[in-house]
Amino acid sequence: MTDNLFQSYALNDTLTLKNRILMAPLTRCMADDELVPTQAMADYYGRRAEAGLIISEAVIIRPDGQGYPNTPGLFSPAQIDGWRVVTDAVHQNGGKIFAQLWHTGRVAHPHFYQATGSQDVMAPSAVGVEGSVPRMRELTYQTPKAALVEEIAELVKDYSQAAANAIDAGFDGVEIHGANGYLIDQFLHHDSNRRSDEYGQTPENMSRFALEVVDAIVERIGNDRTALRVSPGAYFNMAGDSRDREVFDYLVPELEKRDLAFLHVGIFDDAMEFDYLDGRASSYLRSIYNKTLVGVGSFSAETGSTAIAEDKFDLLAIGRPFIANPDYVERVRDSKELVEYSDEMLTSLV
């Protein structure tokens, strides 16, 4: 039984979702060469408006945040206009949509922003990762530059401006991407943050950038339209460190004080366990965060419904099945068979 997935859910006094099924952010690399959303993207999101909330694919906040080809931006007038076509399509079909705000940090690549004249890759510390850019494997990652304090302040401003741009583009709110080994997450883990200044070493200092970004966006668009995704378990482009738990033990209660729209677990598979979290990342977050929590990671509608019934989280985000099934919500509601996802589906927007 999945009846609880079809209950409405009030995020706050501003936003009520028509069901508890969220479309998870899914990088599709389908923007045009100026990183402007296309009509095909508007059609794609519009077809999935039955979700209680769509979280967009990750959207870069400024040129040097790009680490994948053709990922859309939210920093130029043309990009804002392009997203307005997308949000109109979702709203016309009765849906709601948040923009996921993104800077890839040390896995950005200057190939994508060479027109700016910059060859720098921005990160908390000059600690690189091995590997190459997805979909463009000829581009290998380079050692990043440790951001100066004044550059961190500029990043905070750029996140805030991107949030304002998202509201201008018609989004109902934003989810800050603070997970999955990207820039904000890089400040929160000892593997990538080796700083000795006010942004490093202690849990308070390592949490500072994330909280500055959250606070700047809340001041700009309101806490009721601001959400955050976090990965307390290091698992993607990041080595785990038992000291990371102390960082999140400090950060998460601070986030709860800010009364955000929701907190979203950043994980590919919720079955993953971490010794220093005493198990799953979602269980750890639930134990120290009492407000709205979004679970994700290889759940079916049935297992997600059970997890909600067992109070493991409040809302269920579904990823790849939404690629294969634009009518995912209807199929689950009507007990129809789902189309199975395959990697071939990544090459087109249906």
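**Group meeting talk: two helices, a core and some odd loops**

Let's start with Arg286, which sits in helix 7, residues 281-288. One thing before I go on: this is a predicted model.

Is Arg286 buried or exposed? Its relative accessibility is 15%, so Arg286 counts as buried, the cut-off being under 20%. What does its side chain meet? The side chain of Asp314 makes a polar contact with the side chain of Arg286, at 3.0 Å. Leave out residues up to four places away in sequence, and Arg286 touches Lys291, Leu293, Asp311, Lys312, Phe313 and Asp314.

Arg286 has company in helix 7. Ala281, Ser282, Tyr284 and Leu285 are buried there along with Arg286. Look at what covers these buried residues. The cover includes strand 11 and helix 6. It also includes strand 12 (263-265), strand 13 (273-274), strand 14 (279-280) and strand 15 (293-295).

Next, helix 5, residues 203-221. How far apart are its end C-alpha atoms? They are 27 Å apart. That agrees with expectation, because 19 residues at 1.5 Å a residue should span 27 Å. Still, helix 5 bends by about 40° at Phe209. Right after the helix comes Gly222, with a positive phi near 100°.

Which residues of helix 5 are buried? In the first part, they are Pro203, Asn205, Met206, Ser207, Phe209, Ala210 and Leu211. Further along come Val213, Val214, Ala216, Ile217 and Ile221. A reminder on helices: with 3.6 residues a turn, residues three or four places apart point the same way. Among the elements covering the buried residues of helix 5 are three helices: helix 3 (149-168), helix 4 (183-187) and helix 6 (244-257). Strands in that cover include strand 5 (97-102), strand 10 (173-178) and strand 11 (226-230).

That brings us to the core. In soluble globular proteins, nonpolar side chains tend to be buried together. Here, the largest nonpolar core has 103 residues. Which of them touch the most other members? Leu74, Leu101, Tyr159 and Phe209 do. Helix 5 gives the most to this core, with nine residues. Phe209, remember, is where helix 5 bends.

Now take Tyr159. Not counting residues up to four places away in sequence, Tyr159 touches Phe209, Val213 and Ile217, among others. Its other contacts include Ile61, Leu101, Trp102, His103, Ile176, Leu183 and Ile184. There is also a second, separate core of 17 residues, including Tyr68, Val107, Val129 and Val133.

On to the loops. Most residues other than glycine have a negative phi. Leu35 has a positive one, near 65°. Where is Leu35? It is in the loop between strand 3 (21-23) and helix 1 (39-46). Leu35 counts as buried, because its relative accessibility is 9%. Asn70 has a positive phi too, near 55°. Its loop runs between strand 4 (53-60) and helix 2 (77-92). Asn70 is partly exposed, with a relative accessible area of 22%.

Last stop, Leu338, in the segment after helix 10 (328-333). At 36% relative accessibility, Leu338 counts as partly exposed. Setting aside residues up to four places away in sequence, Leu338 touches Asn325, Tyr328 and Arg331. Leu338 and Gly178 are 160 residues apart in sequence, and their C-alpha atoms are 31 Å apart in space.

And the record? An unreviewed UniProt entry places "domain: NADH:flavin oxidoreductase/NADH oxidase N-terminal" at residues 5-335. That span is 33% helix and 17% strand, and its end C-alpha atoms lie 13 Å apart.

How values were computed: Residues numbered from 1 in each chain as written. Predicted model: local features only at pLDDT ≥ 70, side-chain atom pairs only at ≥ 80, totals over all residues. Heavy atoms only, no water. Helix = DSSP H or I, 4+ residues; strand = E, 2+ residues; numbered from the N terminus. Buried < 20%, exposed > 50% of the residue type's maximum accessible area, 1.4 Å probe, protein only. Polar contact = N/O pair within 3.5 Å; in protein donor to acceptor, adjacent residues only side chain to side chain. Contact = heavy atoms within 4.5 Å. Expected span 1.5 Å × (residues − 1). Bend = angle between axes of the 7 residues up to and from the residue. UniProt positions renumbered as here; feature names shortened; annotations may be inferred. Core = buried A, V, L, I, M, F, W, Y, C linked by side-chain atoms within 4.5 Å.
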